[in-house]
Amino acid sequence: MSMIDPMSMIGRARAAAPALAAADAASAEQGRLTAEAVEALESTGVFRALQPARWGGGEVHLAEYADTVMEIGRASASAGWVASVVGVHPWQIALFPEETQKEIWGTDPARRIASSYTPTGKIEKVPGGYRVSGRWSFSSGSGICSGVILGGIAGRRELNGVEYPDFTSVLLDEGDYRIEETWNVAGLRGTGSDDIVVDGVFVPEHRGQSHVFYTHGLGTPLPGQELNDGPLYRTPWAVVFNLIIAAGAVGACLGFYDQWVGETRGRRTNYGQLLREEPTVQNQVAEAAWQLDAAVLKVRRTAGELMEHAGRGEIPSLDQRAFWRWDVARSANAALDTVQALMRVSSGRSAFVDHPLQAKFQDAVAAGSHAFLFGDPLAKAWGGRHLGAEKPAEVHL
């Protein structure tokens, strides 16, 4: 184990790991993180890591945040997932107008906000703001939050002479929506990724922000950047979100690997021989460790490059953003491939639902199934651009 400053956020995550691991089964049973798990996460500072320092947040380097999420995920995949998703929202809220930030954090700077970005509900542009209605799914951590960010297509928006679907995020308070408990799943059971239902709520203009400025207009000054002017808040939305989802998935895979190693060290074949003495098993663990380490390093490298570009005031090209998204998604995919390879050599008993590996395996599979980690369009988006294709795949960049 590498030397980690116990006072750092990663150090605090390692200190919280036993409590997070102990609460994992209970979180899965109740379908959302237990109070003990939330308290342990709060002790790490991860929920406020990407919040501006002027609001009392950490405003940390993205690499430190990703490393912390992966460390938490080793102990509890559900806790790591909620840490990644809920913890990234202060980064986006920091891009909204100061009026919005004061409404969200003015009386409670530690307030937690959930999200659901897939535009399954309706966000309609109306005088003075937006009319929001419909259902959004997969809102991880919604039960431990007091607000939500929802995504939708609010008509069309023109930028530099080109018209785009106006994908927009809107911020709602907890009284503006209801949570329907639909999260009956095999993996990441403790994330409480329930449905959000909204019945025709009005959201004022300052609580909405177009993603056209995050993508096609990257570099366009956003209201929040006037006071939150650090490099962290000049990184591209789509890549940052892909990064944190990949970190959550890799953390889940690391947790499975740890469990597998612990199980295999003492496991015997049906003939009584210790598996740890088998050369093929030794090869399996060596290959798995290499693949997982590579995934961690890829995620960390992307975080570093994002911050370096922002620190230099550079707007990364579409080609660069496409590569970053492909790189971290492929890293998470490779980590899941490793988990599946180890599961195949884990004996027939691992099929039992109460086997120690089963819950960790289902967590890894669920995490790796997130839409942002679907590698095929991302590979085409970068590969096409890199080769000079006239019509590369369109993805959120």
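1. The largest cavity in this predicted model holds about 40 Å³ of space, and the residues that line this cavity are F47, V86, P90, A110, R111, R112 and I113. Sorted by class, that lining comprises 5 nonpolar and 2 charged residues, with no polar ones. In total, the structure holds 2 cavities of 30 Å³ or more.

2. The second largest cavity has a volume of about 30 Å³, and its walls are formed by R32, L33, G141, G143, I144, G190, T191 and G192. Here the lining divides into 2 nonpolar, 5 polar and 1 charged residue; in reading that division, please bear in mind that glycine is counted among the polar residues.

3. Turning from cavities to open spaces, the largest pocket contains about 1,300 Å³ of space. Its lining is made up of 49 residues, and those that lie nearest the centre of the pocket are Y117, T118, H370, A371 and F372. By class, the lining of this pocket is divided into 29 nonpolar, 16 polar and 4 charged residues.

4. Which helices and strands each supply at least two residues of the lining of the largest pocket? Among the helices these are α4 (77-93), α6, α8 and α10 (375-387), while the strands are β1 (114-116), β3 (129-139) and β5 (162-173).

5. Two of these contributors to the pocket lining, α6 and α8, also pack against each other, and their arrangement can be described in some detail. Helix α6 spans residues 237-266 and helix α8 spans residues 318-344, and the two pack at an angle of about 15°, with their axes 9 Å apart. Angles under 35 degrees count as roughly parallel, and α6 and α8 are therefore described as roughly parallel to each other. The crossing in which α6 passes α8 is left-handed.

6. On the α6 side, the contact with α8 is made by A238, V239, N242, L243, A246, A249, V250, C253, F256, Y257 and W260. On the α8 side, the contributing residues are R321, W324, R325, V328, A329, A332, A335, L336, V339, L342 and M343. Taken by class, the residues of this contact divide into 19 nonpolar, 1 polar and 2 charged. For a reader following the contact in the structure, the polar residue is N242 of α6, and the charged residues are R321 and R325 of α8.

Technical notes. Residues are numbered from 1 along each chain as its sequence is written. This is a predicted model: local features need pLDDT of at least 70, side-chain atom pairs count only at pLDDT 80 or more; totals for chains, interfaces and linings use all residues. Side-chain values use heavy atoms; hydrogens and water are left out. Axes are lines fitted to C-alpha atoms, for helices over the stretch in contact, and angles run from 0 to 180 degrees between N-to-C directions. Helices (H or I, at least four residues) and strands (E, at least two) are DSSP runs, numbered from the N terminus. Angles under 35 degrees count as roughly parallel, over 145 as roughly antiparallel, 65 to 115 as roughly perpendicular and the rest as oblique. A crossing is left-handed if the near helix is turned anticlockwise from the far one by less than a right angle, and right-handed if clockwise. Contact means heavy atoms within 4.5 Å. On a 1 Å grid over the protein atoms alone, a cavity is a set of points where a 1.4 Å probe fits but cannot get out, and a pocket is an open set with protein on both sides within 12 Å along at least five of seven lines; lining residues have an atom within 4 Å of a point. Grid points are joined across faces, edges and corners, and a volume is the space filled by probe spheres set on the points.
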